[in-house]
Amino acid sequence: MKRTLLFLFAFLATLPVLAQRNGIEYRNTKLISTMCDEEYQFIYPDEVSTNPICVKLIYDAAGISYVDSLYYNELGQLARIDKYYDYGSYSEMVGYICFTYNEKGLKIKQETYSTY
C-alpha cells in the first residue's frame with residue numbers, strides 16, 4: 001500500500017511538468033528534402049513568434065523560387081496564403097487561398113483563386 005501511494009504521489013508531482021511540455025511551441029527555420037533538391041525557409045515577424053509570415057521554397061532544379069506569404073486572423077488562424085513565383089529580378093503573383101473557420105476553430109472552407 002505504501003508503495004502504491006508513493007508511486008501515486010510521484011506521478012501526481014510530475015503532472016505539472018508533463019503539462020508544461022505539451023504547451024511548448026516550436027519554430028521551424030528551414031526544411032531540406034531528402035534528395036537535397038528542395039529547401040523550405042520560414043520567415044517570422046520577430047524573434048518570439050511561432051507563426052511564420054512567409055514560407056519560401058527554393059527549387060534548385062528549375063532555378064525558380066516559390067514564395068507563400070501567410071496572413072492570420074485575430075484568433076491566430078491561417079486566413080490567407082498569397083502564392084508568388086520569384087524569378088530573382090521580379091516576382092509574379094500566381095494565386096491565393098482563403099480559409100474560413102467555424103465557431104469551434106475548425107476549418108470549414110478553403111477557396112483557391114488563380115491569377116491566370
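Reader: Why is S65 called buried?

Author: In this predicted model, S65 has a relative accessible area of 13%. The cut-off for buried is under 20%, so S65, at 13%, counts as buried.

Reader: Where does S65 sit, and what is it in contact with?

Author: S65 lies in strand β4, which covers residues 64-72. With neighbours within four places in sequence left aside, S65 is in contact with K56, L57, I58, Y84, Y85 and D86. Y87 is 22 residues away from S65 along the chain, and the C-alpha atoms of the two are separated by 6.8 Å.

Reader: What makes D68 count as buried?

Author: D68 has a relative accessibility of 18%. Under 20% is the requirement, and therefore D68 is classed as buried. Like S65, D68 lies in strand β4.

Reader: How do you know that the side chain of D68 makes a polar contact, and with which side chain?

Author: The partner is the side chain of K83, at 3.1 Å. The limit for such a pair of N or O atoms is within 3.5 Å, so the D68 and K83 pair qualifies. K83 is also among the residues that D68 touches when those up to four places away in sequence are not counted; the others are I53, C54, V55, I81 and D82.

Reader: Why is M93 called partly exposed?

Author: The relative accessible area of M93 is 26%. Partly exposed covers the range between the 20% cut-off for buried and the 50% cut-off for exposed, so M93 falls in the range in between. M93 is found in strand β6. Apart from neighbours within four places in sequence, M93 is in contact with R80, D82, K83, Y84 and T115. M93 and D68 are 25 residues apart in sequence, with 9.6 Å between their C-alpha atoms.

Reader: Is S49 buried or exposed, and how do you know?

Author: S49 is at 15% relative accessibility. With the buried class set at under 20%, S49 is therefore buried. The residue belongs to the loop between β2 (38-43) and β3 (54-59). A polar atom of the S49 side chain lies 3.2 Å from the backbone nitrogen of N51. Farther along the sequence than four places, S49 is in contact with R27 and Y44.

Reader: What makes β5 and β6 a pair, and in which sense do they run?

Author: Strand β5 (residues 78-86) and strand β6 (residues 91-101) share seven bridges. At least two bridges are needed, so the strands count as paired, in the antiparallel sense. Within this pair, R80 stands opposite C98 in β6. The hairpin has four residues between the strands, and G88 takes a positive phi near 95 degrees there.

Reader: How many bridges join β6 to β7?

Author: Seven bridges join these strands, which run antiparallel. Set against the minimum of two bridges, β6 and β7 therefore also pair. I97 stands opposite T112 in β7. In this hairpin there are five residues between the strands, and G105 takes a positive phi near 85 degrees.

Reader: Which residues form the largest nonpolar core, and what makes it a core?

Author: The seven residues are F42, Y44, V55, L70, I81, I97 and F99. A core needs buried residues of the nonpolar kinds, joined through side-chain atoms within 4.5 Å, and therefore these seven residues are grouped as one. In soluble globular proteins, nonpolar side chains tend to be buried together. One of the core residues, F42, touches N28, T29, K30, L31, P52, C54 and V55, not counting residues up to four places away in sequence.

Reader: What is the secondary structure of the chain as a whole, and how much of the chain counts as buried?

Author: The chain has one helix and seven strands, in the order α-β-β-β-β-β-β-β from the N terminus. Of its 116 residues, 18% count as buried. The chain exposes about 9,100 Å², with 58% supplied by carbon and sulfur atoms.

Reader: Where is confidence lowest in the chain, and where is it highest?

Author: Helix α1 (residues 2-22) has the lowest confidence, at a mean of 43, and strand β7 (residues 107-114) has the highest, at 92. The pLDDT is below 50 over residues 1-21, and this stretch has zero contacts in the model beyond near neighbours in sequence. For the chain, the average pLDDT is 75, and 74% of the residues score at least 70.

Terms used:
Residues numbered from 1 in each chain as written. Predicted model: local features only at pLDDT ≥ 70, side-chain atom pairs only at ≥ 80, totals over all residues. Heavy atoms only, no water. pLDDT = per-residue confidence, 0-100. Helix = DSSP H or I, 4+ residues; strand = E, 2+ residues; numbered from the N terminus. Contact = heavy atoms within 4.5 Å. Buried < 20%, exposed > 50% of the residue type's maximum accessible area, 1.4 Å probe, protein only. Polar contact = N/O pair within 3.5 Å; in protein donor to acceptor, adjacent residues only side chain to side chain. Areas by Shrake-Rupley, 256 points an atom, 1.4 Å probe, with all protein chains shown as cover.
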